[in-house]
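These are my notes from going through the model. I looked up helix packing, backbone outliers and empty space.

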Amino acid sequence: MIANYGYMDGSGEFFVRIDTGKCDGCADCVAACPAGVLQVAEDENDPLSEQPVAKVNEDHRRKLKYSCGPCKPVAGRPPLPCVAACKPGAIEHSW
Amino acid sequence: MITAGVDVGAKNVKVLILKDGVPAGRGFRTIGLDTRKAIEESFNEAVSRSAMKTADISRTVATGAGRKEVKFADGELTEVGASAKGAHRLFGSARTVIDVGAEEGRAIKVGADGKVLDFAVNEKCAAGAGAFTEAMARALEVKVEDLGPLSLKSQKAVPMNAQCAVFAESEVVSLIHAKTPKEDIARAVHDAISDRIISMVRRVGVEKDIAVVGGLARNVGFIESIKRSLAAEVLVPEDPDYAAALGAALHAVETGG
Amino acid sequence: MAEEFWRWTEYRKTMDGVDWKSAEALTVGVDVGSVSSQAVIMADGKLYAYSSMRTGSDSPQSAQKAMDWALEGTGLTMDKIRYTVGTGYGRVNVPFSNRAITEIACHARGAHYLYGPTVRTVLDMGGQDCKAIRCDEKGKVLSFLMNDKCAAGTGRGMEVFADLLQVPIAEIGERSLDVDEEPRPVSSTCVVFAKSEATGLLREGWPKNKVIAAYCSAMAKRVVTLLERTGVQKDFAITGGIAKNSGVVTRLAKELGIKPLDTGYDTQLAGAVGAALFAQSIVKKSMSKAGAG
């Protein structure tokens with residue numbers, strides 16, 4: 001499943017996209033995220049599966065632009081820690 | 001040399017006249033039906049207050065979202081450029097400039113010479129600008145200028161979950177129904193907007209001194225929240241809404257040859 | 001649109017030709033939304049009875065009321081229900097439910113039932129959010145997004161606009177189609193800024209219908225952008241309150257070049273139906289486990 005967490009408002013589109021087919025539930029991204037945006041838990045949108053996957057915490061879903069802001073400095077943008085930590089390449093950011 | 005800076009914002013027009021680098025007079029109009037008329041009136045007001053004639057002004061520079069409407073301008077400057085220049089003149093030590101107007105918020109990193117090194121903008125969403133506090137003041141049934149002083153009375157931080165101004169209005173109404181003191185709601189409103197602004201500031205890097213300009217800087221509640229969130233003092237000029245007009249008028253001096 | 005204020009039209013129905021007494025498993029799905037709540041009773045995975053009511057300030061009470069009303073006249077009592085799933089914004093506040101499942105999963109599953117197994121894309125436009133879901137032939141979610149941060153593109157945004165123009169919300173769709181030519185869409189996405197823009201257009205002398213058209217058009221364009229993120233595949237179904245706004249739906253279909261499917265059911269039932277179907281799957285799973293053990 002391609003899970004798009006986040007939102008679109010007048011100022012842009014701010015989505016963290018997690019491919020749950022690729023995610024192996026290792027939680028490396030959870031450890032890498034300095035803002036506590038991610039967690040690994042059961043897939044709430046696939047209720048009959050018991051495989052834990054990465055997802056964006058509920059309280060960050062409506063403010064991702066701000067939660068992820070510190071990892072996206074205007075100048076000299078370094079690789080995103082969550083994306084870099086994910087070995088299967090399951091995480092993408094839309095902005 | 002006499003120059004004028006005209007800042008046509010989303011809501012108001014601010015005009016500042018500079019005589020030999022010193023402010024000589026200002027004009028202010030809220031843009032109602034007619035932007036051009038507001039520009040003309042505020043300009044004339046600034047000219048008459050500085051006891052001059054229009055012909056005395058050798059150069060006019062326009063800035064702001066509506067700067068193209070200033071047909072008589074000799075030049076123009078971006079909002080970021082104008083705010084940075086104005087803030088640098090007001091506070092030479094400022095390295096970070098926060099500028100929040102009615103519809104836009106900006107964080108600018110400036111060098112020791114006042115040059116813009118980096119900036120981030122929040123636009124096209126009311127949640128990150130003065131329009132947010134206006135909407136919340138309406139929901140709270142208090143005047144927007146009273147919202148800041150009201151929030152200073154708050155003893156308790158209450159969380160606000162909604163990000164969008166429209167949803168936040170409903171949340172404020174529910175908080176009122178739940179008998180939450182208005183001052184606590186007012187503080188929650190300022191904390192919410194300052195969190196968004198600070199996150200933007202962190203994207204350019206927070207370096208002291210920090211100056212806050214733009215219309216929202218008049219709001220003491222917002223300034224308190226910003227200070228709390230940054231755990232730092234900030235510099236606020238006496239007339240923060242004229243910072244960009246000042247920057248434009250200074251630019252007129254520099255480009256005047 | 002015959003009813004006025006459709007958001008608040010409450011109704012219940014018992015389906016003909018389904019008998020709960022002969023059913024092996026009775027399950028319930030309850031969708032507590034921000035504006036309306038639905039309770040659905042299914043007999044062996046077949047829609048049996050349902051109700052739809054306005055959500056009050058107290059979610060548990062709203063869920064209970066909708067449930068009681070769905071049961072009314074059926075002779076059925078709660079103790080005969082094997083499993084109940086709650087969904088929607090207030091899903092954790094359904095006191096009699098056995099489990100809560102997200103709206104995303106339930107809408108996909110419910111649309112699959114209401115519109116048939118050819119549905120691959122579901123757009124749900126609710127009171128406070130907008131969801132785009134792509135699903136497979138079994139109604140399982142393949143890709144989704146949910147926009148509940150911003151009021152633009154939601155029923156709430158439309159209400160704000162209806163208020164500003166002082167036009168009953170039920171008339172918005174038809175009035176937006178009553179224009180000589182399609183105006184340029186309102187350029188601001190943000191509802192707060194779109195309001196100022198609309199005020200400006202009215203001052204310029206635009207007739208109300210033209211302003212409404214400009215807003216419906218902007219809303220349709222915005223929803224298309226959202227849909228592009230998950231991908232749009234035929235067949236396409238629209239659920240939720242705004243599915244009843246012909247002004248948005250017509251423009252959306254035109255932008256996408258895909259006509260949304262029709263259903264004989266009420267589109268607002270999708271979430272609750274999906275919840276009841278998940279309840280059915282859970283019961284089946286436990287029965288087969290018990291059988292194997």
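**Backbone outliers**

I started with the loop between α6 (208-230) and β10 (236-239) of chain C, where Asp235(C) is located. The model is predicted. The peptide bond joining Lys234(C) to Asp235(C) is cis, with omega at about -10°.

I then looked up chain B and found a cis peptide bond there between Lys208(B) and Asp209(B), with an omega of about -5°. Asp209(B) sits in the loop between α6 and β9 (210-213) of chain B.

I also noted the phi of Asp20(B), which is positive at about 50° although this residue is not a glycine. Its place is the loop between β2 (12-19) and β3 (22-30) of chain B.

**Helix α6 of chain B and its partners**

I asked at what angle α3(B) and α6(B) pack. Helix α3 (residues 130-140) of chain B meets helix α6 (residues 182-204) of chain B at about 165°, and the axes are 10 Å apart. An angle over 145 degrees counts as roughly antiparallel, so I entered α3(B) as roughly antiparallel to α6(B). I recorded the crossing of these two helices, α3(B) and α6(B), as right-handed. On the α3(B) side, the contact uses Gly130(B), Phe132(B), Thr133(B), Met136(B) and Leu140(B). On the α6(B) side I listed Lys182(B), Ile185(B), Ala186(B), Val189(B), His190(B), Ala192(B), Ile193(B) and Arg196(B). Sorted by class, the residues of the α3(B) and α6(B) contact are eight nonpolar, three polar and two charged.

Next I took α6(B) against helix α7 (residues 220-230) of chain B. Their axes come within 8 Å and cross at roughly 55°. That angle makes α6(B) oblique to α7(B). The crossing of α6(B) and α7(B) is right-handed. From α6(B), the residues in contact are Arg187(B), His190(B), Asp191(B), Ile193(B), Ser194(B), Asp195(B), Ile197(B), Ile198(B) and Arg202(B). From α7(B), I have Gly221(B), Phe222(B), Ser225(B), Ile226(B), Arg228(B), Ser229(B) and Leu230(B). The classes in the contact of α6(B) with α7(B) come to six nonpolar, five polar and five charged residues.

I cross-checked the two lists for α6(B). His190(B) and Ile193(B) appear in the contact with α3(B), and His190(B) and Ile193(B) are also in the contact with α7(B).

**A helix pair in chain C**

How do α3(C) and α5(C) run, roughly parallel or roughly antiparallel? The axes of helix α3 (residues 155-165) of chain C and helix α5 (residues 191-203) of chain C come within 11 Å, crossing at roughly 30°. Angles under 35 degrees count as roughly parallel, and α3(C) and α5(C) are therefore roughly parallel to each other. Their crossing, α3(C) with α5(C), is right-handed. Gly157(C), Val160(C), Phe161(C), Leu164(C) and Leu165(C) make the contact from α3(C). Val191(C), Ala194(C), Lys195(C), Ala198(C), Thr199(C) and Leu202(C) make it from α5(C). I counted the contact of α3(C) with α5(C) by class as eight nonpolar, two polar and one charged.

**Cavities and a pocket**

I asked how many cavities of 30 Å³ or more there are. The count comes to three.

The largest cavity holds about 130 Å³ of space. It is lined by 15 residues, and Cys33(A), Cys68(A), Cys71(A), Cys82(A) and His93(A) are the closest to its centre. The lining of the largest cavity has twelve nonpolar residues, two polar and one charged.

For the second largest cavity I noted a volume of about 90 Å³. Among its 14 lining residues, those nearest the centre are Cys23(A), Cys26(A), Cys29(A), Ala54(A) and Cys86(A). The lining of the second largest cavity divides into eleven nonpolar, one polar and two charged residues.

I closed with the second largest pocket, whose volume is about 280 Å³. It has 14 lining residues, with Ala243(C), Val249(C), Pro260(C), Leu261(C) and Asp262(C) nearest its centre. By class, the lining of the second largest pocket is eight nonpolar, two polar and four charged.

Note on methods
Residues are numbered from 1 along each chain as its sequence is written. Chains are lettered from A and ligands numbered from 1 in the order in which they are written. This is a predicted model: local features need pLDDT of at least 70, side-chain atom pairs count only at pLDDT 80 or more; totals for chains, interfaces and linings use all residues. Side-chain values use heavy atoms; hydrogens and water are left out. Axes are lines fitted to C-alpha atoms, for helices over the stretch in contact, and angles run from 0 to 180 degrees between N-to-C directions. Helices (H or I, at least four residues) and strands (E, at least two) are DSSP runs, numbered from the N terminus. Angles under 35 degrees count as roughly parallel, over 145 as roughly antiparallel, 65 to 115 as roughly perpendicular and the rest as oblique. A crossing is left-handed if the near helix is turned anticlockwise from the far one by less than a right angle, and right-handed if clockwise. Contact means heavy atoms within 4.5 Å. Ala, Val, Leu, Ile, Met, Phe, Trp, Tyr, Cys and Pro count as nonpolar, Asp, Glu, Lys and Arg as charged, and the others, Gly among them, as polar. On a 1 Å grid over the protein atoms alone, a cavity is a set of points where a 1.4 Å probe fits but cannot get out, and a pocket is an open set with protein on both sides within 12 Å along at least five of seven lines; lining residues have an atom within 4 Å of a point. Grid points are joined across faces, edges and corners, and a volume is the space filled by probe spheres set on the points.
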